[in-house]
Amino acid sequence: MTEITGAAAPERTLWSDVWYQFRHHRGAVAGVIILGIIVLAILIGPWLHGVDPQHIDIRARNAQPSLAHPMGTDNIGRDIFAQVLQGGRVSLSVGVTAMLLSLLLGTLVGVLAGFFRRLDGVLMRLTDLFLALPLLPLLLVIIMLFRDTLRGLFGPETGIFLLIVFIIGITSWMQTARIVRGDVLTLKEQEFVLAARSIGTPSHRIILRHVLPNILSPIMVSATLGVANAIITESALSFLGLGFPSDFPTWGRLLFDGANFMMLNPARVIWPGLAISLTVLSINFIGDGLRDALDPRIRGR
Amino acid sequence: MLTYTLRRLFFAIPTLLVISFLIFALLDLSPGDPTSNLPLTIPPEVREQIRQSFGLGEPFMVRYLKWLHQFSINEPLNVLEQMTGWTIGDGGRMRVISWQTRSPVVDLIAERLPQTLWVVGLSYLLGILIAVPIGVLSAWKQYSWFDQFGTFFAMVGYSVPTFFTGLVFIMIFSVHLGWLPMIYDTNLKVTDLASFWLQVKQMAMPVMVLALYNAGQISRFMRASMLDNLNQDYVRTARAKGMGESKVLLVHVLRNSLIPVVTVIAIGVPQIFGGAIITEQIFRVNGLGQLLISGIQGTDIPLVQTLTFIFAILIVLFNLIADLLYGILDPRIRYD
């Protein structure tokens with residue numbers, strides 16, 4: 001984002017307008033602030049808190065919140081706050097990486113289908129096919145199948161991370177592809193693309209120079225919503241016991257482990273659950289604000 | 001309309017064939033084996049015989065075609081027989097057999113279906129009943145405090161995952177207040193008012209959790225659709241004629257705005273079945289979702305293949321229904 005404050009600045013650019021509109025979306029601003037706090041806590045929290053999330057202190061089992069353990073401890077005396085912070089690192093990195101993969105696939109399929117008429121039919125049939133797949137059951141099945149193989153290949157932590165990111169990525173690109181294709185179809189007919197073509201610009205350069213910059217806004221909105229979706233899917237998988245293992249927890253896994261101790265120690269459910277909910281809620285609000293800000297019909301109202 | 005329906009049904013067949021093949025092939029890769037749960041004392045040749053009796057010795061394509069035949073021809077005939085009491089054929093049809101229970105998969109599904117249908121159906125209905133008024137009022141008083149609140153409610157509804165709301169509900173209503181039972185008791189028979197009340201109490205939480213989630217999504221669509229219609233000329237005309245605001249809103253605008261919402265509701269039905277997988281796990285409702293999870297954990301391949309394919313059929317079917325509803329409800333859209 002630019003530093004110029006839209007209304008007061010003498011020079012108005014597209015991004016200053018977008019930024020101006022975005023700042024006036026209260027939910028989006030609140031979302032940015034809350035997400036910022038969460039990300040900051042996850043990044044510098046372990047450094048400040050300084051407790052190893054895997055450190056077992058069997059004498060301090062199920063401890064109440066205290067200065068040493070701000071969220072208490074679990075049934076074998078591990079610090080919950082440190083676990084939530086570490087879980088957040090994994091959850092957020094799964095969310096962002098899976099989103100990048102799905103965005104890449106979705107944009108690629110969308111641009112190819114929209115730009116090259118010959119590919120359109122095939123790629124859109126493929127998209128429809130993916131949309132008709134029952135995703136959650138299939139995700140569970142794929143994890144069951146390949147978990148042990150990938151763990152053997154890349155080690156227990158990297159293996160499951162790659163597997164989850166990959167399957168979430170390849171099952172969530174369809175919406176992006178559809179939106180991108182629609183936008184590319186209208187862009188392709190416009191004069192500047194025709195002009196570019198008339199001076200002999202090759203297709204790949206038209207796509208990179210002229211088409212992609214113009215479909216940036218739907219892609220950005222897809223990206224924010226994609227992160228939220230990926231975090232929810234990952235937590236759901238972990239919550240069903242088929243995602244990350246206990247010694248490499250994410251927020252969903254912490255919730256799954258904590259659910260059995262819910263009556264004894266509600267903090268184990270509340271904190272990870274709250275972390276997922278607040279993160280997803282703020283990302284969705286940011287996405288909402290971004291969509292309004294990037295929509296030229298709404299902007300300036 | 002009829003030709004369009006037939007054409008769509010006809011085009012759905014290849015899609016479903018491809019999906020069934022994908023599901024079957026994917027699950028066939030898994031290391032599951034019907035004898036893995038049997039005692040170790042069984043000699044290997046007996047094991048081999050058991051495996052042969054499940055048809056595992058045959059090549060992949062033969063097994064796929066047999067499964068497809070059993071699923072799409074034999075089982076529907078069995079269901080038809082049970083429903084009508086007729087006898088079709090000699091009764092010697094092959095059935096899809098679960099590896100875990102050694103009973104036909106379709107019987108297992110029929111056992112579990114009512115619980116899922118009740119929970120899912122009621123929650124969807126309740127979700128719509130919550131969402132439509134919120135959407136209508138939010139759009140009517142756009143940017144009012146009610147609209148802000150409704151938007152926030154909708155955002156929370158679909159951002160907070162069902163597994164967290166479910167656990168929070170259990171903590172509040174079962175652990176702290178002790179009002180509602182934590183675990184769903186499927187053996188409960190509704191015979192009198194007292195047992196009916198128990199049934200209501202045990203369904204309250206799973207239904208509420210799913211209903212909140214559904215209401216969040218539907219109310220957003222309802223609001224957007226109402227806003228689209230409120231700016232139309234016919235609304236101004238109706239108001240100019242001096243028609244009462246409630247009549248404009250509830251007769252003219254609402255009816256037109258419901259068209260896209262109805263299709264969204266139809267498309268969402270299969271998704272709800274997916275959402276029920278998690279909710280059933282939390283509240284121990286022994287419905288289809290739990291059957292699927294137990295099948296996956298026990299590597300019961302035929303069960304998982306069949307259930308996953310049923311989910312896929314639901315998705316294709318409800319997409320078709322949504323398109324047809326659009327054509328029926330909106331006279332501007334004609335598919336011929």
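A helix here is a DSSP run of type H or I with at least four residues, numbered from the N terminus. Before you start clicking: this is a predicted model, where local features need pLDDT of at least 70, side-chain atom pairs count only at pLDDT 80 or more, and totals for chains, interfaces and linings use all residues. Residues are numbered from 1 along each chain, chains are lettered from A, and side-chain values use heavy atoms, without hydrogens and water.

**Stop 1: a greasy patch.** Select helix H12 of chain A, residues 267-294, which gives four residues to a nonpolar patch, the most of any contributor. The full set is Ile34(A), Ile270(A), Trp271(A), Leu274(A) and Leu278(A), making about 360 Å² of surface. (Such patches take residues with over 30% relative accessible area and no salt bridge, joining nonpolar side chains, meaning Val, Leu, Ile, Met, Phe, Trp or Tyr, within 5 Å; areas come from the Shrake-Rupley method with a 1.4 Å probe, and for residues only the protein chains shown count as cover.) Now pick out Trp271(A), which sits in H12. Trp271(A) counts as partly exposed because its relative accessibility is 35%; buried means under 20%, exposed over 50%, and partly exposed in between.

**Stop 2: where the chains meet.** Colour the chains separately. You'll find 42 residues of chain B in contact with 37 of chain A, contact being heavy atoms within 4.5 Å. About 3,400 Å² is buried between them, 86% of it on carbon and sulfur atoms; that is the accessible area (1.4 Å probe) the two parts lose on being put together, summed over both. On the chain B side, select Phe163(B), Phe164(B) and Met171(B), which lose the most area to chain A, together 18% of what that side buries.

Which residues form a salt bridge with N and O atoms 3.2 Å apart? Zoom in on Arg220(B) and Asp288(A). The rule finds one such bridge across this interface, and asks for a Lys or Arg side-chain nitrogen within 4 Å of an Asp or Glu carboxyl oxygen.

**Stop 3: bridges within a chain.** The whole structure has ten salt bridges. Show Arg181(A) and Asp120(A), which pair at 2.8 Å, N to O. Arg181(A) is in H7 and Asp120(A) in H4 of chain A, so this pair ties together parts 61 residues apart in sequence. Asp120(A) is buried, at 15%, while Arg181(A) is partly exposed, at 22%.

Jump to chain B for Asp147(B) and Arg223(B), also a salt bridge, at 2.8 Å. Both residues are buried.

Finish in chain A with Arg125(A), Asp128(A) and Arg178(A), linked in a salt-bridge network.

How values were computed:
Patches are made of residues with over 30% relative accessible area and no salt bridge: like charges are joined within 9 Å, nonpolar side chains (Val, Leu, Ile, Met, Phe, Trp, Tyr) within 5 Å. Helices (H or I, at least four residues) and strands (E, at least two) are DSSP runs, numbered from the N terminus. Buried means under 20% relative accessible area, exposed over 50%, partly exposed in between (1.4 Å probe, protein chains only).
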